[in-house]
Amino acid sequence: MQKLYFVGAGGIGMANLVRYFLKKGAKVAGYDRTSSDLTEHLVSEGALLVFDDSEDNIPEDFRNPEGTLVVYTPAVPESNRILSYFRNNGFEVVKRAALLGKITAATDAICVAGSHGKTTTSSMIANILKDTPVGCTAFLGGILRNTGSNLVLNETSGFSVIEADEYDRSFHHLHPYIGVVTSTDPDHLDIYGDEEHYLEAFSIFTSLIRDNGWLITHTGLKYRPAVGETVKIETYSSDKDGDWHADNIIFGNGTLSFTLIGPEGIRIEDINLGVPVEINIDNAVAACAASYRAGASEEDIKRGIKSFKGAKRRFEVWLNGKDNGNGVVLIDDYAHSPNEVKSSISSVKKLYPGRKLAVVFQPHLYTRTRDFADDFADALSFADTVIMPEIYPARELPIPGITSKTILDKIKGCEKIYCERKDLLNLIKNSNFEMLMTLGAADIDRLLPEIKSILEKQ
């Protein structure tokens, strides 16, 4: 594949493939709806990107169907003119997931699936393996802060690490050697219709694990694994229910450590979390288990977990309350399901006991707001103040009667404020927060540099 055109090139999951083929020496071009920091990096690395879907913007080198592969993401609407041009003119057009499946079919793939936790867990595995004799090439759904990229490339390793996305059943294209399932809280019901079909998709994912492979699955999940006879199943958890679990968990002075207990008498003491929040204990146990089964040593695991700086937008601390004179804390997290939101709020409160927490939550998608309004309201009620702008629609058209107030009106027991995104910075300027947390899968993170600047000056 010497020429590839990516439609939706700026998506986090597409960008690692753009980088992969650039590193392989291919010619790469593409389109995305808007420019971003990520697309600017891709351009600087050699990709030819445009932000208008006129077919006239397709470079001449990519107008011949012979030798050109077109890759798209399901987030791109069918009406996109560039995508239509390729489909109507004899090009080979494949989904991102299909291409990723082809790349990983020839490797020992560690594929991490789940409605939440998969980005952090896969990033932890990549950080453990990348500096070991095992090595790995990793395609991540977030920017690994240790490397500044969502791609880890190793030309000689036989292992790959994949964030296995369940949206649009994308993870059914993969060929896992080790499959990890972190969670199965219902999501993407606009695709699956109901919880039963959502859970069925995870069962199908486990059926793809190859002979003599491994399934490492969180305890207490509703789906039914459908692995082959030679696939070994192990469970994990942050408590003592799992085959792999954490023991002797110690919080103190901004640190979090635990002892890892595994099957066959495995015991690894004094594992220190590089991102020391409670929500990461589960993720770390899963990452340790998968890395161990891939061949990492106990010392490799301890070093990789301790040095892990996190993925961008996954419990990312912008102000820690110590380095800035006024003691304000600012944290950003991608949490966009009710359980994620609840866990993030709980983790912040445990990390900074006694402080009042204000949360800015930007709902992502009309369908997700409609389907989980009650659950989001319950989760957000654990904050002291909730600030909510309008829904971020992403790929969706509005649904009559569904707004962010559908959630906000149901929140109980705390202060709640509706504030349009355009007015959010002024609201923060005129407030006095002890801790502020931005949550959600929308574009609220683009305001973080300005929010940080405001809070530092208060």
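This short presentation covers the salt bridges, two helices and the nonpolar cores of the structure above.

Please note at the outset that this is a predicted model, in which local features need pLDDT of at least 70 and side-chain atom pairs count only at pLDDT 80 or more, while totals for chains, interfaces and linings use all residues. Residues are numbered from 1 along each chain as its sequence is written, and side-chain values use heavy atoms, with hydrogens and water left out.

I begin with the salt bridges. A salt bridge here is a side-chain nitrogen of Lys or Arg within 4 Å of a carboxyl oxygen of Asp or Glu. The structure holds 29 of them. One joins Lys-102 to Glu-92, with the closest N and O atoms 3.8 Å apart. Lys-102 sits in helix α4 (residues 96-104) and Glu-92 in strand β5 (residues 92-95), 10 residues apart. Helices (H or I, at least four residues) and strands (E, at least two) are DSSP runs, numbered from the N terminus. As for accessibility, buried means under 20% relative accessible area, exposed over 50%, and partly exposed in between, with a 1.4 Å probe and protein chains only. Glu-92, at 43%, counts as partly exposed.

A second pair is Arg-293 with Glu-264, at 3.2 Å from N to O. Arg-293 belongs to helix α8 (residues 279-294), whereas Glu-264 lies in the loop between β14 (255-261) and β15 (267-272), so this bridge ties together parts 29 residues apart in sequence. Which partner is buried? Arg-293 is, at 14% relative accessibility, while Glu-264 is exposed at 66%.

A third pair is Arg-421 with Asp-443, again with N and O atoms 3.2 Å apart at the closest. Both residues are in loops: Arg-421 between β20 (415-418) and α13 (424-429), Asp-443 between β21 (435-439) and α14 (448-457), so the pair connects parts 22 residues apart in sequence. Arg-421 is partly exposed at 22%, and Asp-443 is buried at 16%. Finally, Asp-52, Asp-53 and Arg-81 are linked in a network of salt bridges.

I turn next to helix α5 (residues 118-129). The expected span of a helix is 1.5 Å times one less than its number of residues. For the 12 residues of α5 this gives 16 Å, and the end C-alpha atoms are indeed 16 Å apart. How many of its residues are buried? The count is 12 of 12. They include Lys-118, Asn-127 and Leu-129. These residues pack against β6, β7 (137-144), β9, α8 and α9 (298-307).

Helix α7 (residues 195-207) has 13 residues and reaches 19 Å from first to last C-alpha, close to the expected 18 Å. Its buried residues include Tyr-198, Phe-202 and Phe-205. The buried residues of α7 pack against β6 (108-113), β9 (159-164), β10 (176-181), α6 (189-192) and β11 (214-218). At the start of α7, a side-chain oxygen of Asp-194 comes to within 3.3 Å of the backbone nitrogen of Glu-196.

I close with the cores. A nonpolar core is a set of buried Ala, Val, Leu, Ile, Met, Phe, Trp, Tyr and Cys residues joined through side-chain atoms within 4.5 Å. The largest has 73 residues, and Leu-129 and Leu-380 have the most contacts inside it. Helix α8 gives the most to this core, with 9 residues. Contact means heavy atoms within 4.5 Å. Leaving aside neighbours within four places in sequence, the contacts of Leu-129 include Ile-110, Val-134, Val-161 and Ala-294. Apart from this core lies another, of 44 residues, among them Phe-6, Leu-42, Ile-103 and Tyr-192.

Definitions and conventions:
A polar contact is a pair of N or O atoms within 3.5 Å; within protein, one must be able to donate a hydrogen and the other to accept it, and residues adjacent in sequence count only if both atoms are side-chain atoms.
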